[in-house]
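Reader: I would like to learn how empty space and helix packing are read from a model, taking one feature at a time. Could you give the general idea before each case?

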Amino acid sequence: MTPHTPGALLRRMFDAAIASAQPALCVPLHLPRPDELPPGGRLVVVGAGKASAAMAQAVEAYWRGPLSGLVVVRYGYGAPCERIEIVEAAHPVPDEAGLRAAQRMLDVVHSLRPEDVVLCLISGGGSALLPLPLDGLTLEDKQAVNRALLASGATISEMNCVRRHLSAIKGGRLAAACHPARVVTLLISDVPGDRPMDIASGPTAADPTSCADALAIAQRYGIALPAAAQAALESGAAESVKPGDPRLARAEIRMVATPEMALEAAAAVACDAGYTPFILGDALEGEARDVGKVLAGIALHTAERARPFTPPSVLLSGGETTVTLRGQGRGGRNVECLLSLAIALDGHPRIHALMGDTDGVDGADEIAGAQIGPQTLQRAWDLGLRPMEALVDNDGHGFFQALDASVVTGPTRTNVNDFRAILIESEAAEPASGAAVAAAH
């Protein structure tokens, strides 16, 4: 059994989850074999997402034959490559660099032959990084829709439905542009359910949803679409590539890393430390503050009644919650969920938690998430902080930074969605010392 403090153990679990999804580890296992390339065929690499540069680097390290290509990645998430061009662009609100890269990507796959193979490297974040709009729409239109979706409280599936239908490259359109070449897509999933059409809005995946679905989502959340977008959806001109389209007949998808795999890696660390892990699910959704309350209820019942789980235990979950912006603070869905959890736990002496985004960025800040322990609320009050006011103002980052409780990883170059771990000690556990609490938080 490895010596630990609760805070240090939680951080080791988070680090293990991130490590399990590193492209250097998971990509080579799923690459086509060099002998699968037909005589005279070329391997062309394209891709987008926060992990795409690291995925391209892994491809270069493995593939000994000729290759070329282009991938687009978030600013600061690049990786040195010699044969594959790496372009950096903005996320979560797209910019001109992403638009130009998306257009060039379509140019790269133009006029391919049946003997060519396209290797498409896709991970979370690709929706914003491939913002090429449909004809008649502008980048400004896409930016406005993206900002409205991010602030609306829509689920990631709903957001990506709208994005797919307003894109010239997503919703299966990239794979269609590669026809008649073979397309092999490697996916690192960051979405609940690991649905290919939702990972980066599915550039190479058939889309069963419709323009009518996208319109209904915009109406549901009161999103005023730009006139050109409204017209494209109403007319059906924005329809995406559907299942059964012959242009996708030679397209295949391989899932190389998922949130469930990351949670299993964290569970192994918990076991090694003497805690029983319980994976509650990798697709928990809903308003972040509401999810925090529900998780607090489960954790408190476990601590006090040993039901539904027996301490010492760790409750693990993934998925992507949503935040409906009401305040003016600096926050993200993980710190909002964690702050709500802390308030509901009310300083329970045997419960600790960490929540963070595995890509290293929760919201717009370069902060992955934060940790809490039994002393978190008392320390906040001692500093004059008001937890409930911070929650109302969507100011999770401001709150946890003031407590020096933020979790900062830097660019992880992968993305398997959100990570939540709640550690519940047994009644026999010694209370954490003041020094240990300070070190953990």
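Author: What follows takes up cavities, then a pocket, then a pair of helices, in a model that is predicted.

Reader: How does one find enclosed space, and how many cavities of 30 Å³ or more are counted here?

Author: Rolling a probe the size of a water molecule over the atoms shows where empty space is left. In this model the count comes to 3 cavities of 30 Å³ or more, and the largest cavity has a volume of about 80 Å³.

Reader: Which residues line the largest cavity, and which element gives the most to that lining?

Author: The lining of the largest cavity is made up of Pro94, Ser127, Ala128, Pro131, Lys142, Val145, Asn146, Leu149, Arg163, Leu166 and Lys170. The elements that give two or more residues to this lining are α5 (126-129) and α6 (139-152), and α6 gives the most, with 4 residues. By class, the lining of the largest cavity has 6 nonpolar, 2 polar and 3 charged residues.

Reader: What is the volume of the second largest cavity, and how do its lining residues divide by class?

Author: The second largest cavity holds about 50 Å³ of space, and among the residues that line it are Ala342, Leu345, His348, Ile351, Ile372 and Leu377. Two or more residues of this lining come from each of α13 (333-345) and α14 (376-382). The lining of the second largest cavity divides into 6 nonpolar, 4 polar and no charged residues.

Reader: Turning to open space, how much lies in the largest pocket, and which residues are the closest to its centre?

Author: The largest pocket contains about 860 Å³ of space, and of the 45 residues that line it, Pro92, Leu150, Arg333, Gly363 and Ala364 are the closest to its centre. At least two lining residues are supplied by each of α5, α6, α7 (156-165) and α13, with the largest share, 5 residues, coming from α6. By class, the pocket lining has 15 nonpolar, 16 polar and 14 charged residues.

Reader: How should I read the packing of α9 against α10?

Author: Two packed helices are described by the angle between their axes and the distance between the axes. Helix α9 (residues 211-220) and helix α10 (residues 227-235) pack at an angle of about 135 degrees, with their axes 8 Å apart. That angle makes α9 oblique to α10, and the crossing of the two helices is left-handed.

Reader: Which residues meet where α9 and α10 are in contact?

Author: Cys211, Ala214 and Leu215 in α9 meet Gln230, Ala232, Leu233 and Glu234 in α10. The residues of this contact divide into 5 nonpolar, 1 polar and 1 charged.

Notes: Residues numbered from 1 in each chain as written. Predicted model: local features only at pLDDT ≥ 70, side-chain atom pairs only at ≥ 80, totals over all residues. Heavy atoms only, no water. 1 Å grid on protein atoms, 1.4 Å probe; cavity = no way out; pocket = protein on both sides within 12 Å on 5 of 7 lines; lining within 4 Å. Points joined across faces, edges and corners; volume = space filled by probe spheres on them. Nonpolar A, V, L, I, M, F, W, Y, C, P; charged D, E, K, R; others polar. Axes fitted to C-alpha atoms, helices over the stretch in contact; angles between N-to-C directions. Parallel < 35°, antiparallel > 145°, perpendicular 65-115°, else oblique. Left-handed = near helix turned anticlockwise from the far one by under 90°. Contact = heavy atoms within 4.5 Å.
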